[in-house]
Amino acid sequence: MKIPLSWLNDYVKVTDLPIEALRQRLDLVGLEVGGLEVIGYPGARLPWDPDKILTAEVVSVQPHPNADRLVLAEVNYGGAENEIVVTGAPSLYAYRGESGLHLKVAFAWEGAELYDGHVEGWVKSRLKKSRIRGEPSRAMVCSEKELGLSEAAEDIIYLPDSTPVGVPLVEVLGDYVLDFDIKGPFGHLQSVYGIAREIGALYDRPLRQNPLGAIERLNLKAAAEAEFVDLEIADPDLCPRYTATMVRDVEVKPSPLWMQLRLQRAGMRPITNVVDITNYVMWELGQPLHAFDYGIVSPRPGSSQPAIIVRRAAPGEKMTTLDEEKRVFDNDMLLITDGEGPVGIGGVMGGLDSEVDDETRHVLLEAANFAFLNIRRTSQQLKLHTEASSRFGKRVDPELALPAAARAAELLQELANAAIDPVVIDHYPGKPETHTIDYDPQLADRILGIEIPHDEQTRILRALEFGVEPEGATWRITVPSYRLDARLPIDLVEEVARVYGYERFPGTVIDEELPPLRRNRPLEDEEHMRDLLVGLGLDEVITYSLISPEDELRLAPDPERPLAWPGDSVELQNPLSPERSRMRRTLLPGALRTAWSNLRYLDRIAIFEIGRIHFASGEPDLARAETGVAEPRHLSMLVTGMRRPLWWEKGEAGLEQMDYLDLKGIVDTLLESLDLEDNVTWERGHHPTFHPGRCAVVSYGDQELGALGELHPLVREAFGLPDQPVLVLEWDLELLLDAAAASAKYIGTLSPYAPVHEDLALVVDEKTPAVTVRRSLLEAGSPLVQAVTLFDVYRGEQVGEGKKSLAFALSYQAPDRSLSERDVSKLRARLIKAVEQELGAKLRGA
Amino acid sequence: MSAFAELEQVHEAALADLKTALTTQALDAWEDRYLGRKGEITLQARQVGQMAREDRPAFGRRVNEIKQLLEQAHASRLEVLRHSELTERLEAEAIDVTLPGRPVVRGHLHLTTQTLRELYDIFAKMGFEVYEAPDVELEAYNFDLLNIPQYHPARDMWDTFWVEGGDQQRGNRRLLRTHTSPGQIRAMRERYPEPLRVILPGKCYRYEQITVRSEHQFYQVEGLAVGPRITMTDLIGTMTEFSHLFYGRDRRVRVRSSYFPFTEPSVELDTECILCDGEGCAVCKYTGWLEIAGAGMVHPIVLANGGYDPDVWSGFAFGAGVERPAMQKFGVEDIRLFYGNDLRFLRQF
C-alpha cells in the first residue's frame, strides 16, 4: 500500500525525520517499507532543481505576434521583473488578452532538467534558451508530464491559489511515497491514519488532526430510520453494520489538485470528485465506501420509499458488476439490493446500473461492515478481488463505519458543494463487546527472555491506545476496537517487544537440557549413498516431483504391456500446466529429460537422483495423521555418451560409447560398497521400458530392488534422445538400504599362506548366465575357493554353435596350510564335476 | 722377449685398450679378451708351467697382480659407463610432463544437497536432529493446526497445489505442502512430552509460475525448539550463531518484527549482505541486508495442537530457504538453474 509522506504528515509530524532513518525504524517494527518513491527531492527519477524550478503566478496573457496557437504569458516568479514565457498551453490560450490574473503555476528556468512533454515515454531534456517563432524564450510553465507527475502533457499544471510565489517547487509538490508491504491480516494498518497512529506510538508524538471527528464537526446524528431510505439487514450474520448517508445535490467534477496528487501517488486514478472522495477516505481511514446513484435506488413493490435490503443471494441470482462482467451468485454470497434487485455485492463491488456518473444528482453513501471470512470466500469464488474486498478480507473495525461516512460527507460538502442530511441511518446488529485481556506482564519476561520493566510495558501499550490498569499480578487490558488482531496475552507480548525494539534484545544460548539424542539412520544412509555414487563418477540431479502423465505413458511403448505401478497416481486439482500435473511415481522421466536437455551441450552424461516417489496407498485420515500417500525414496541412474571424456590418446576403437556394462560396472561396485555383491540375485528382466534383451532385475531375497538396462529404442525416441545406448536404472532405495543394513559384513581370517592361482575355461550354453557359473564355482569350492573372476568370454567354431566359453581366474587358499598339488587337483575335479552336473558345463579343450 | 716383458706388454695393451671401450658391450668384449677363460692374461698364467722353476713364483705373483689391477680398472670403467648410459637412456625417456593426465571422472553433489548438508551440520552442532515429514500433506497439518483456518487471510501467503480425489472433507483434503511447518505438528505429536530440538528439511511446492526468481518447487529448512524455558533471546542467539557459521563470523544480524500465523511474536532475521558487506547492492536490493529466516515464538495454539501445554512449555521456530542462501553465496541469479539440472552449472560446485 502506497502512502505519501505528505499525507501522513497531516496526522503526525514526520517530514522532519530523515527519510532513511524513518524507513529503517518502520522496517524493524513490522511496517515493512517495500519500496520508496522520491518525487522532486534528490534521489527522484527527476529531481527538481530548487534554484530553477519554482512556483510562480501568470499575471497576464498576450497573443503571440507570429503564431496563432501560441501565447505570451507574463509570469511573476518572485524575481525583480516578470518573465515573458512562450507557451501553447490551451488553458492559458483561453486567457488571451487578459491581465490582472493570479494563476499559480510551476515555472522552470533555462538549465532546468525536465521530461520532454512532446515525445512518447520518459525522455529527459535540459531547458535551453531559444526563440519560438521569433520571440525569445528562456523559461517555461510546466505540464504534469514535464515534472514527471503524470502522463498529462496537453496542458500545464495549476497550483492551489494559496501557493506562495517564488519558492522552490519541491517544497510544495515534492514528496516521498512509502510503499508498505505489511504481512498479515491487519485491517488497522491498511490506512494512512492507521500508519500515522503507529508512528505516533513509535516516536511518542501526538496525533494532530482527527479525521474521525467529522460526526461532531457536521453535527450528524445516527438513527435507525430516516425518510430517505428504507434500510434492512436481512442477514446480520454476514453484515454486522450498515450505515447510509444522504448526500444531496452533488456537483460532479474533477477533484482538486491536492487530492488528485495524493490519489495518484497512492496508485489510484482520479476520476470525479465523488468517486475520488470514496477512494480517498478508504485510503485515509481504511473503510471501504460505496456511492450509489440515489435516483436509481428503487422502492419495494407498493412503496415509494427507496429501499436497501442487505441479504444473501438466491442461488443463481445474477448481476452485472462495475467491471461489466455478468456475475452469478450462490446462497452464501451477500448482496446489497434495492426494491427491484441487486445493486452491489456487499464489500466486494457495486453493480453497473447504480454507478455514480456525471448525471448523478443525489448520492446514497454506504459505509458498512461485512463478515470478513465470507467476503474472502465470495471474492475467491467469484475470482473478483478489489481494494474493498482486500480490506474487508483483512478485517475492518465495525466502529469505523460511521466516522468514515461522516468524513466522506465532510469532503463531499467541501469539494462537491453537497448538502448532507443531518440524520445518518445506522443499523448495527453486530456491535462487538469491548474486548479485554487479562495480562500477566511476567509473560513477556518468560517468552522474550529479557525483563521489560512493567512501567515500560504500560507506556508502550498505552501509546498503542490499549487501556491499561496496571494493578495486581494480572492486569486488565482494554483492547481498542480497531485492534481485531489482539485477543490473547501473547499478542500483547508482541506489541511490547516490537515497540521496545528487537535491536535491544541480546542473543542467548539455550539454557536447557538437551532432548534425548537420536540418529536419523534413513537420512544418514541416504547421504552415504550419495557419497558412494558421486565417488563412482556420477553427478547428482534433483528433478521436479511434478511430471506430465504423458511421460509415464512414454515409458511403456507397447500398449499391450503397460507399466505396473504400486498404486494410483496423485493428481493435482489445480496444476500450473499439464506438464506438471501429477506427482511422479518414477524418477525416470526426470532422468531422461535431464539427459535430453544436457545432450545439447555435453557428449557424456552420468547422473543419479535420490528422491521420493508418490502414489496413493489409502484414504487420508486426520485422526491417524495419515495422508494416504506412500512416499518411498527411489534411486535412479542414467549414463550415456562417451565412455571417457575427450582425450588426446585414443581408446579402443568401437568401444567409445558407454553401454550396458558401464552401468553394470557402477552397480557392481556400488553393491560391493554395500557388502551386497554376493547377496543379491541378478536375472534377466522384462521391464517394458528397457531393451528386451538388455535388462536385468536385481533382487535381495524375495524383494525386487529394481531394474537396470539399456533403454528401449522406442522410449529413447519418445524422449527425443539420440541414437546411442542410454543406460538407466531405477531401484527402490528403501529396499536397497534395508538390504544393506541386513547384510552383515563378514571378515574372514586372513591366511598367511600363498594362494594358488589357476584358470578354468568352461564351455556352457549361450543362455547360461555368467553369474550362475560363477556362483556354482564359489559354492562347490567353498571354503577354499577365495575368488572367481571372469576374464574372457569366447564364442566361435572351437566351442561350437550355441555355446560360449567362459574363462575364470580362480584363487585357492586354506587358512592353516599351503595347498599341495594333491589338494589342488582334488579341488579342481570337484569344481568341474559340480558345474558339469549343475549346468552341463564342459572344461574347454577337454 | 722374455716372458716377463711379454706379460708387461699385455698389461699395457690391456690398459690402453680399456680406454677405447666406450660402451658396456665393448667393455664386455675387453673383459673376454683379457680376463676371460681364454683371455690373454689367463693364457699368460698358463705359461708358468714352461718357465724356469726359479722364475715361477715371481711370474705367478706378477700375473695375479696384473689380473687384479685389470679387474679393478674394469670395475671402475664399468661404473662410469653404466652411469653415463643410464643418464642417456633416462634422457631419451623424457616426456612432455605438461600433457593432460588420463582423465578420472568425478561426480558432483547437487548444490541443494551441499547446502542442506551445511545446514544439517551447523544445526547438529547446536543439538538439532533432522526430522522428515511428507511432501503430500493433509490440509489440517499444513494450515488449520498451524493456526491458519480456512478462508483466513493468512492463507493468502501461500498459493497452494491441491490434490484430486480422496476424502474431500475439510481437514482431510490433501495438498502439496507449501512449507515445512506441518512437520512441526508431526514432530511435536510424536515426541511429546520430551523437549524438542529438530530441523525439518524438505521439498515444498507453491502455485507459482517458474521465473528467474520463483519456482513451484523449492527446499526449506524449518527449525523447532520446545522446552520449559525457551525464549526469544534463545531464538536470536541460535540464529545469530547460525548466521555466523554459515555466512561468516563478522556479520551482524538484525531482527525485524513480522507476521506469521503460527508464531507470536513473529520476527524476520537478516544478515549483513555478504556481497556488499552491507553497503547496498543488487543482491540485497540496496538495503545492505539479506533475509535469512522467518521465525518467532511458537504460537500457544500451535503448541497446544502439538500436545504441549503453552502455560508450561514455550518454543521457537524458524524457516530458512535453501536455494536463496546458495544463490547469494555464489552469485547465482536464476533459481531455475537448480532444478533445470544443467550439468554445466551443477558441476561447478
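This passage describes the aromatic pairs, and the charged groups placed over aromatic rings, in a predicted model.

Over all chains, the count of aromatic pairs comes to 34. One of them is formed by Tyr41(A) and Tyr176(A), whose rings are stacked, with 5.0 Å from centre to centre and 0° between the planes. This pair links distant parts of chain A, since its two members are 135 residues apart: Tyr41(A) belongs to the loop between strand S2 (33-39) and strand S3 (53-64), whereas Tyr176(A) lies in strand S12 (residues 175-180). The two tyrosines fall into separate classes of exposure, for Tyr41(A) has a relative accessible area of 26% and is therefore partly exposed, while Tyr176(A), with a relative accessible area of 18%, lies under the 20% cut-off and so counts as buried.

In chain B, an edge-to-face arrangement is found for Phe345(B) and Phe349(B), which pair at 5.1 Å centre to centre with 70° between their planes. Both Phe345(B) and Phe349(B) are buried. Chain B also holds an aromatic cluster, in which Phe123(B), Phe128(B), Phe242(B), Phe246(B), Tyr247(B), Phe316(B) and Phe318(B) are joined as one group.

Arginine side chains are also placed over tyrosine rings in chain A. The ring of Tyr203(A) has the charged end of Arg25(A) over it, at 5.6 Å from the ring centre, and the face of Tyr428(A) is covered in a similar manner by Arg241(A), which lies 4.0 Å from the centre of that ring.

Conventions. Residues numbered from 1 in each chain as written. Chains lettered and ligands numbered in written order. Predicted model: local features only at pLDDT ≥ 70, side-chain atom pairs only at ≥ 80, totals over all residues. Heavy atoms only, no water. Phe/Tyr/Trp six-rings, centres within 6.5 Å; stacked < 30°, edge-to-face > 60°. Helix = DSSP H or I, 4+ residues; strand = E, 2+ residues; numbered from the N terminus. Buried < 20%, exposed > 50% of the residue type's maximum accessible area, 1.4 Å probe, protein only. Lys NZ or Arg CZ within 6 Å of the ring centre and 35° of its normal.
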